[in-house]
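Thanks for coming, everyone. I'll walk you through one structure this morning, strand by strand. Please have a look at it first.

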Amino acid sequence: NSENYSQIKGEFIESKKTQGLFAMKNLSTETWTLKKKDGTTTTVKKDEFAPLLVGNIIEFGNGNLAEIK
């Protein structure tokens, strides 16, 4: 649930290829939804990455989301 702060659900990772490019790795059992700036959507399953690019929105579930600005 969104009020459980005792578990790590994601991790920020810097690209090994491109310095300064970051993503969030899904460490949870929940599947996230990534809405890209171009309007397309994709899922982010456990151990997959959501790129932290301006305009992207990550929906974590339970009404929790992050918009990259």
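**The four-stranded sheet**

Let's start in the middle of this sheet. Strand E3, residues 32–35, is joined to strand E6, residues 57–61, by three bridges, and the two run antiparallel. One pair to find on your screens: Lys35 sits opposite Ile57 in E6. Before I go on, a caution: this is a predicted model.

Now widen the view. E3 and E6 belong to an open sheet of four strands, in the order E4-E3-E6-E7, with antiparallel pairing. Which strands stand at the edges? They are E4, residues 41–44, and E7, residues 64–67. Each has a single partner strand, so one side of each is left without a neighbour in the sheet. As for the twist, neighbouring strands here are turned by 20° against each other on average, ignoring direction.

Next, the E6 and E7 pair. Four bridges hold these two strands in antiparallel pairing. Look for Glu59, which stands opposite Leu65 in E7. The two strands form a hairpin, with two residues between them. Check the backbone at Asn62 in that hairpin: its phi is positive, near 55°.

**A buried asparagine in a loop**

Step back along the chain, to the loop between E5 and E6. Asn56 is placed there. Is Asn56 buried or exposed? Its relative accessibility is 3%, so Asn56 counts as buried; the cut-off is under 20%.

What does the side chain of Asn56 do with its polar atoms? One of them lies 3.1 Å from the backbone oxygen of Pro51. Then there is the list of contacts. Setting aside residues up to four places away in sequence, Asn56 touches Leu34, Lys35, Lys36, Lys37, Pro51, Ala66, Glu67 and Ile68. You have met one of these already: Lys35, the residue opposite Ile57.

**The three-stranded sheet**

On to the other sheet. Three strands form it, in the order E1-E2-E5. It is open, and the pairing is antiparallel. The edges are E1, residues 10–14, and E5, residues 49–51. Each of them has a single partner strand, so one side of each lacks a neighbour in the sheet. From one strand to the next, the twist averages 30°.

E1 is joined to strand E2, residues 22–26, by five bridges, and these two run antiparallel. Gly10 stands opposite Asn26 in E2.

Stay on Asn26 for a moment. It lies in strand E2. How much of Asn26 is accessible? The relative accessible area is 0%, so Asn26 is buried. The side chain of Asn26 makes a polar contact with the side chain of Ser28, at 2.7 Å. Leaving out neighbours within four places in sequence, Asn26 is in contact with Lys9, Thr31, Trp32, Val44, Lys45, Lys46, Asp47 and Glu48.

Now for the opposite case. Phe12 is in strand E1. Phe12 has a relative accessible area of 57%, and the cut-off for exposed is over 50%, so this phenylalanine is exposed. Beyond its neighbours within four places in sequence, Phe12 contacts Ala23, Met24 and Leu52. Take Ala23: it is 11 residues from Phe12 along the chain, yet their C-alpha atoms are separated by 5.8 Å.

**The whole chain**

Let me finish with the overall numbers. How many helices and strands are there? The protein chain has zero helices and seven strands. From the N terminus on, the elements read β-β-β-β-β-β-β.

Does the chain come out compact or extended by radius of gyration? For 69 residues, a compact globule would have a radius of gyration near 11 Å; this chain has 12 Å, which agrees. The C-alpha trace spans about 35 × 25 × 20 Å along its principal axes.

Then burial. Of the 69 residues, 16% are buried. Asn26 and Asn56 are among the buried residues. The chain exposes about 5,200 Å², and carbon and sulfur atoms supply 50% of that.

Last, contacts. Take those in the chain with a separation of 6 or more: residues 24 or more positions apart account for 25% of them.

That's my tour. Over to you for questions.

Notes
Residues numbered from 1 in each chain as written. Predicted model: local features only at pLDDT ≥ 70, side-chain atom pairs only at ≥ 80, totals over all residues. Heavy atoms only, no water. Pairing = 2+ DSSP bridges. Axes fitted to C-alpha atoms, helices over the stretch in contact; angles between N-to-C directions. Buried < 20%, exposed > 50% of the residue type's maximum accessible area, 1.4 Å probe, protein only. Polar contact = N/O pair within 3.5 Å; in protein donor to acceptor, adjacent residues only side chain to side chain. Contact = heavy atoms within 4.5 Å. Rg over C-alpha atoms; globule rule 2.2 N^0.38 Å. Areas by Shrake-Rupley, 256 points an atom, 1.4 Å probe, with all protein chains shown as cover.
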